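Reader: I am new to this one and would like to learn how its labels are earned. Could you show it to me?

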Amino acid sequence: MAIKVRKAGLSTTIQDMGRPGYFHLGIPEGGAMDRFSMRVANMLVGNDEGAAGLEAVFMGPELEFTKDTWVAATGATMPILLDGEPREGWSAFPVKAGQVLSFGFLKEGARVYLAFAGGIDTPMQLGSRSTYPIGALGGVNGRAIAVGDELPLGTPGKTAARSVDAALLRPKQSPVALRALPGLYWHRITEASQEKFFAEDWTVAPEADRMGYRFRGGAPMEFVPREQPFGAGSDPSNIVDGCYSYGSIQVPGGTEPIVLHRDAVSGGGYFTIGAVISADMDLIGQLQPNTKVRFVKVDMETALAARKDRRARLQKIREALAAG
Amino acid sequence: MPDILSPLPGTFYHAPDPKAEAFKKPGDAVAAEDTIGLVEVMKTFIEVKAEVEGTFDGYVAGNAEPVQAGDTLAKVR
C-alpha cells in the first residue's frame, strides 16, 4: 500500500479513461469527467495516460503517503499543500513516506485530478478502475474512497520535476461556451424556443453531478403540438424510449436541460434536443454550481474540428513534457 | 473574530429543514464540532461544522442562498 486516506473530501473517486463498450448494456463509459486534466496529470508523473488517479470534486482529500512517490494535481485551482507547504498545480513534485497532502478552498473550476507515479493499482473491472458507485464497479469495492482506505500504487515509470507551461492549457472563458449539435428531436420545440435555447444564459444547478449537469434560468420551452405516439408518455417532452449518447441534452418537461455526463443512463423516455460536442465535455466537469454558461450552436464539421484541436493541444503538451 | 467559511460551493441553509429553527441564533454558544448550517450540492446536504469556539454572532450568508467555497457563512465572537 502507498496512500492512506485521512480525509476523503466530498466525493473523491478513482478514475481513469473509463470502460467504453458497455453502454448498450446500460453500463456507462464513466472515467474522469475532465479527461484532459486527468491525462495531463498522468503525463506529468510519467504514467500511461490511461492510468488511474483520483478525481475530487469541490474539496480535496487529505492523503498520507507510506512510500516515496511523485504526485501531480491538475484541473480545478485550489491551494495544494504538502505538510502544509504550498506546491504548484500542473506540476509533478516528489513526496516522501510520511508526508501529508492536503488542499485549501476551491478557487476556480470544480474537480481536481491527482496522479501518482505508477498509478493507483486497484483491481480492474470491465477493463477499467473507474468508480461507478451506482453499479458498484471499480474504485475501492465499487465506491468512492473513504477514511482509512489504503490505495496501492503500480510500478512507476520515468519521474522528474515537470510542469506544463500555462500557455499550453485551455484558455479561460466566462461565461463558458458549450458547443452543441441539434439532434434527433430538435423539431419537437418551436423555432422561437430553438433560438432562445442558444440565446439565453443558463446557470449550473446544484444538482449537477457525474451523471448529469442540470441547468436552469432559461425560458420554458414550447413544444410543437403532436399526437401522443404509442408507447410514449403523455408529457410533450416524452418520447418512445430511445438511446442517449453521452453529452445528450435532455429537457424533462421542457424546463431544465440536463447534459448527460460520464456516468449517465443509456436511454429513457425524455426527448433530447441535441448533444454537447465531445471536445467540450471536459469543460462541463469543471463547472461549479451557480456559474453561467451559454450553449453555442455548431455543425458536425465544427464539432470534428474542435475534437481535432483538443487532440492537438494534448499532443503539444505531450511533446513539451517529453522534450522536458 | 473567527469566521466560519463554506468548505464548498452550493446552496447554504440555516436550518436542518424548512420548518425547523436555525441551527444557531446570535448569543448561542458554539463548540468546534457543532453544525451551524448545511450546504446542498450534487443532491447531497453537507453539514458545516463550526471548527471554532465562541459565541454565535449571526449568519452572514442568507438562507437558501448560493455560496462559493471560502465564502463567509457566519461569524463567531
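Author: Here is a short conversation about one helix and a residue in it.
The model is predicted, so local features need pLDDT of at least 70 and side-chain atom pairs count only at pLDDT 80 or more, while totals for chains, interfaces and linings use all residues. Residues are numbered from 1 along each chain as its sequence is written, and chains are lettered from A and ligands numbered from 1 in the order in which they are written.

Reader: Why is A41(A) called buried?

Author: A residue is buried if 20 or more other C-beta atoms, placed from the backbone, lie within 10 Å of its own (exposed: 12 or fewer; partly exposed: in between). A41(A) has 31 C-beta neighbours inside 10 Å, so it counts as buried.

Reader: Which residues does A41(A) touch beyond four places away in sequence?

Author: Among them are G53(A), A72(A) and Y113(A); contact asks for C-beta atoms, placed from the backbone, within 7 Å.

Reader: What makes α1(A) mostly covered?

Author: In α1(A), residues 35-44 of chain A, 10 of 10 residues are buried. A helix here is a DSSP run of H or I, at least four residues.

Reader: Why is α1(A) called roughly parallel to α4(A)?

Author: Their axes come within 10 Å and cross at roughly 10°. Angles under 35 degrees count as roughly parallel, over 145 as roughly antiparallel, 65 to 115 as roughly perpendicular and the rest as oblique, so α1(A) is roughly parallel to α4(A). F36(A) of α1(A) and L314(A) of α4(A) are among the residues making the contact.

Technical notes: Helix = DSSP H or I, 4+ residues; strand = E, 2+ residues; numbered from the N terminus. Contact = placed C-beta atoms within 7 Å. Axes fitted to C-alpha atoms, helices over the stretch in contact; angles between N-to-C directions.
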